[in-house]
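Here are my notes on this one, jotted down as I went through it. Have a look at the model first, then see whether you read it as I do.

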Amino acid sequence: MIGRLIYFVIQFAVVVALTIGGTAAYIIHDKGMAYAHSAFFLEDMRPAYPAALIAAGVVSLIWICYQLTKKSLEREPFDPDTY
């Protein structure tokens, strides 16, 4: 149980980091490395933070649904004759 929770937190952090890093890489590639040292770069990065949290939330929700579905399929099917 603790291992799954740690995996969940690490997965959430990785998705957030990849989304923010991808956005930064796209902006730097589009406008140049000198633009990354300006105040305008931070303004362009502002929408990336909520987008990263939303993306991580969606990925985490998909992971949770997958785990619950997997767990429910591993149980034996309901047999009404035994009850």
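1. Start with the buried side of α3. In this predicted model, the buried residues of that helix are A48, A52, A56, S60, W63 and Q67. An α-helix has 3.6 residues a turn, so residues three or four places apart point the same way. That is worth keeping in mind when you look along the buried set.

2. What sits over those residues? The cover for the buried part of α3 includes α1 (2-31) and α2 (39-45).

3. I also checked the length of α3. The helix runs over residues 48-74, which makes 27 residues, and at 1.5 Å a residue it should span 39 Å. Its end C-alpha atoms do lie 39 Å apart, so the two figures agree.

4. Now the pairing with α1. Two packed helices are described by the angle between their axes and the distance between the axes. For α1 and α3, the axes cross at roughly 145° and come within 8 Å. The crossing of α1 past α3 is right-handed. Sorted by class, the contact between α1 and α3 has 16 nonpolar, 6 polar and 2 charged residues.

5. One residue to zoom in on is F12, which belongs to helix α1. Is F12 buried or exposed? Neither label fits: its relative accessible area is 28%, so F12 counts as partly exposed, given that buried means under 20% and exposed over 50%.

6. Beyond its neighbours within four places in sequence, F12 is in contact with L53, A56, G57 and S60. Of these, A56 and S60 are also among the buried residues of α3. F12 and L53 are 41 residues apart in sequence, yet their C-alpha atoms are 8.5 Å apart in space.

Key. Residues numbered from 1 in each chain as written. Predicted model: local features only at pLDDT ≥ 70, side-chain atom pairs only at ≥ 80, totals over all residues. Heavy atoms only, no water. Helix = DSSP H or I, 4+ residues; strand = E, 2+ residues; numbered from the N terminus. Expected span 1.5 Å × (residues − 1). Buried < 20%, exposed > 50% of the residue type's maximum accessible area, 1.4 Å probe, protein only. Contact = heavy atoms within 4.5 Å. Axes fitted to C-alpha atoms, helices over the stretch in contact; angles between N-to-C directions. Left-handed = near helix turned anticlockwise from the far one by under 90°. Nonpolar A, V, L, I, M, F, W, Y, C, P; charged D, E, K, R; others polar.
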